[in-house]
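Trainee: Before I rely on the labels attached to this model, could you take me through the reasoning behind them?
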Amino acid sequence: MNFITPLLGLLIAVAAAAPVRAEVDVAAASTDGVRHFNADEIPTFAINDEGAVDWPTFSGFRRYHAECHVCHGPDGEGSTYAPALKNSAIKMDYYDFVGVVASGKQEINSSSNQVMPAFATNPNVMCYLDDIYTYLRARGVEAIPRGRPAKRVDKSAEYTAAEKACMEGS
Ligand code: HEC
């Protein structure tokens, strides 16, 4: 009689009953002078001791409200038409998130006809996508409240150079 198999079954059942939401790693572990990254080198936000957000997060707030909020609602809160991106930025893999923005997504069925446009050729979105993502992650874990961030760190020289290179397509 093999007693290991039922034991494994029990362990799996216990694991399945545990909360599925893994801890989201938003802690800034490194920076390249342009923006911050977590331990997995995924873009993340940083908030200093004075409560000022880093420039990319502030930029993300502005770009989100220029390009995305018409459909997705202010502050990443969602609308009747499109999902709350503050949640998507937490639950979706970074690369999936970027993929949807670049390629778009279309859900057509009998009850809905919703279209997420493809932004791959729009530099005003693609050059700032990591900013939008970090802003939404900060909203998702409620590191920042709704509305315009009250305090921000100035734009760095590295950020200015990276922005220029991206907008010029080099
Ligand atoms: C014209 C309206 C519209 C605009 C503008 C728009 N979206 Fe969307 N977006 C949608 C709709 C509708 C969906 C849901 C599509 C579906 O589920 O098939 C969606 C889905 C998404 C998803 C997938 C979310 C999930 O949880 O599955 C991401 C990520 C996303 N949008 C990012 C963005 C970003 C970033 C911007 C701004 C650069 C943006 N969208 C601008 C309409 C829009």
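Mentor: Let us begin with the vocabulary: helices (H or I, at least four residues) and strands (E, at least two) are DSSP runs, numbered from the N terminus. By that rule Met116 lies in strand S5. Residues are numbered from 1 along each chain as its sequence is written. This is a predicted model, in which local features need pLDDT of at least 70 and side-chain atom pairs count only at pLDDT 80 or more, whereas totals for chains, interfaces and linings use all residues.

Trainee: Why does Met116 count as partly exposed?

Mentor: A residue is buried if 20 or more other C-beta atoms, placed from the backbone, lie within 10 Å of its own, exposed if 12 or fewer, and partly exposed in between. Met116 has 17 C-beta neighbours inside 10 Å, and therefore counts as partly exposed. Across the chain, buried residues make up 25% of the 170 residues.

Trainee: Which residues is Met116 in contact with, leaving aside its neighbours within four places in sequence?

Mentor: Contact requires C-beta atoms, placed from the backbone, within 7 Å, and with those neighbours left aside Met116 is in contact with Val100, Gly104, Lys105 and Gln106.

Trainee: Which residues come nearest to the ligand?

Mentor: A residue is near a molecule if its C-beta atom, placed from the backbone, lies within 6 Å of it. Of the 24 residues around the ligand, Cys68, Cys71, Ser88, Glu107 and Met116 come nearest. The shell divides into 17 nonpolar, four polar and three charged residues, where Ala, Val, Leu, Ile, Met, Phe, Trp, Tyr, Cys and Pro count as nonpolar, Asp, Glu, Lys and Arg as charged, and the others, Gly among them, as polar.

Trainee: What makes the packing of H2 against H7 parallel, perpendicular or oblique?

Mentor: Axes are lines fitted to C-alpha atoms, for helices over the stretch in contact, and angles run from 0 to 180 degrees between N-to-C directions. Helix H2 (residues 55-67) and helix H7 (residues 129-140) pack at an angle of about 95°, with their axes 7 Å apart. That makes H2 roughly perpendicular to H7, since angles of 65 to 115 degrees carry that name, while those under 35 count as roughly parallel, over 145 as roughly antiparallel and the rest as oblique.

Trainee: How do you know that S1 and S2 pair, and in which sense?

Mentor: Two strands pair if DSSP finds at least two bridges between them, and S1 and strand S2 (residues 36-37) pair over two bridges in the antiparallel sense. One bridge partnership is that of Ser30 with Phe37 in S2.

Methods. Two residues are in contact if their C-beta atoms, placed from the backbone, lie within 7 Å.
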